[in-house]
Amino acid sequence: MLTISQLASYAGVTVRAVRHYHAKGLLSEPARDHSGYRRYGASAVVELIRIRTLADAGVPLSRVRELLSASDEAFAAALEDIDRRLRAEMRERQRHRERIARLAAGDSLALPPEVVAYLNRMHELGFPERLIEVERDSWILIAARMQDEVPAFMTLKHAQIEDETLRRLYLDIGDLAECAPDDPRLPSLADRVEAFLEAAADEYAGVEEEQPISDDLVALLDAAFVEAFPCAPRLLAILEERGWTGWTNIERIDPAV
């Protein structure tokens, strides 16, 4: 007869594991003998080896008892089900590893690859880091709500960023990131924004927006813009005086209203 330490050694597990299997009801716990020790026979060694073999194969302990007493047919079906679960977990872990690899390579967190490519292009074109950070955070918000629409958005954004006039506006806004509301450059920037909006309004008159953004998301993005740029409220006020409201979804209004 074996002590618990000897039993564990025969089966290639720790004493702690044996006690854990006792607690889970997987391995019968013998009564203590007259000297106060629990003694195990050969059948306990065999049972413990079977438990260890199933556990090492990835079988959850919650299903080990079922498999120990299953028929050959039920045993095979259960193992097939467990194998499917393990393969699904492996695929999920592989996706995690790929995501970690992208992050380690410098990709931005919580962003689709199309947005990462757009942000990289902003770096290449010399945009200020602060402006890129604001763009990044805005696209995290958009991707969280409209992930399927991101590729279409990015097609438009790439076209805009390659347009020299609009790119110059973006760069100007980036330069104003730390400016106060009374910065003397604001009226001039508002002039250029207004000119661009007028031209865009004429070019796209009557064209419906293909990927409309919900009002609550527009409000959140506008709030993020205002939080990021101290001069934003003043710039928006100037534009509103000239007949334009909003930022994410700029609309023409009657300035007299």
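Which residues of helix 12 are buried? In this predicted model, helix 12 covers residues 232-241, and its buried residues are Ala232, Leu235, Leu236, Ile238 and Leu239.

## Helix 12 and the residue after it

Viewed down the axis of helix 12, the buried residues fall within an arc of 155 degrees, so they line one face of the helix. This arrangement can be read against the general geometry of such elements: an α-helix has 3.6 residues a turn, so residues three or four places apart point the same way.

After helix 12 comes Gly243, a residue with a positive phi, near 105 degrees.

## Packing of helices 7, 8 and 9

Two packed helices are described by the angle between their axes and the distance between the axes. For helix 8 (residues 150-162) and helix 9 (residues 164-175), the angle is about 90 degrees and the axes are 5 Å apart. With that angle, helix 8 is roughly perpendicular to helix 9. On the side of helix 8 the contact is made by Lys157, Gln160, Ile161 and Glu162, while helix 9 contributes Glu164, Leu166, Arg167 and Tyr170. By residue class, this contact of helix 8 with helix 9 divides into 3 nonpolar, 1 polar and 4 charged residues.

Helix 8 also packs with helix 7 (residues 129-146), here at an angle of about 145 degrees and with the axes 10 Å apart. In this contact Glu135, Trp139, Ile142, Ala143 and Met146 of helix 7 meet Val150, Phe153, Met154 and Lys157 of helix 8. The residues involved divide into 7 nonpolar, no polar and 2 charged. Lys157 of helix 8 thus appears in the contact with helix 7 and in the contact with helix 9.

## Residues linking helices 9 and 10

Asp172 belongs to helix 9. Is Asp172 buried or exposed? Its relative accessibility is 17%, and because the limit for a buried residue is under 20%, Asp172 counts as buried. Leaving aside residues up to four places away in sequence, Asp172 touches Leu189 and Arg192.

Phe196 is located in helix 10 (residues 186-203), and at 26% relative accessibility Phe196 counts as partly exposed. With residues up to four places away in sequence again not counted, Phe196 touches Thr165, Leu166 and Leu169. Phe196 and Leu166 are 30 residues apart along the chain, yet their C-alpha atoms are separated by 7.6 Å. Leu166 is also one of the helix 9 residues that make the contact with helix 8.

## Aromatic pairs

How many aromatic pairs does the model contain? The count comes to 4 aromatic pairs. One of them is formed by Phe225 and Phe229, whose rings are 5.3 Å apart centre to centre, with 50 degrees between the planes, an arrangement classed as tilted. Both Phe225 and Phe229 are buried, and ring pairs link these two residues with Trp247 into a cluster.

## The N-terminal residue

Met1 lies in the segment before helix 1 (4-11), and its relative accessible area of 72% makes Met1 exposed. Even so, Met1 touches Gln6, Arg39, Tyr40 and Gly41, where residues up to four places away in sequence are not counted. Between Met1 and Leu67 the separation is 66 residues in sequence and 27 Å in space, taken from C-alpha to C-alpha.

Note on methods:
Residues are numbered from 1 along each chain as its sequence is written. This is a predicted model: local features need pLDDT of at least 70, side-chain atom pairs count only at pLDDT 80 or more; totals for chains, interfaces and linings use all residues. Side-chain values use heavy atoms; hydrogens and water are left out. Buried means under 20% relative accessible area, exposed over 50%, partly exposed in between (1.4 Å probe, protein chains only). Helices (H or I, at least four residues) and strands (E, at least two) are DSSP runs, numbered from the N terminus. The arc is that of the directions from the helix axis to the C-beta atoms. Axes are lines fitted to C-alpha atoms, for helices over the stretch in contact, and angles run from 0 to 180 degrees between N-to-C directions. Angles under 35 degrees count as roughly parallel, over 145 as roughly antiparallel, 65 to 115 as roughly perpendicular and the rest as oblique. Contact means heavy atoms within 4.5 Å. Ala, Val, Leu, Ile, Met, Phe, Trp, Tyr, Cys and Pro count as nonpolar, Asp, Glu, Lys and Arg as charged, and the others, Gly among them, as polar. Rings of Phe, Tyr and Trp (its six-membered ring) pair if their centres lie within 6.5 Å; planes under 30 degrees apart count as stacked, over 60 as edge-to-face and the rest as tilted.
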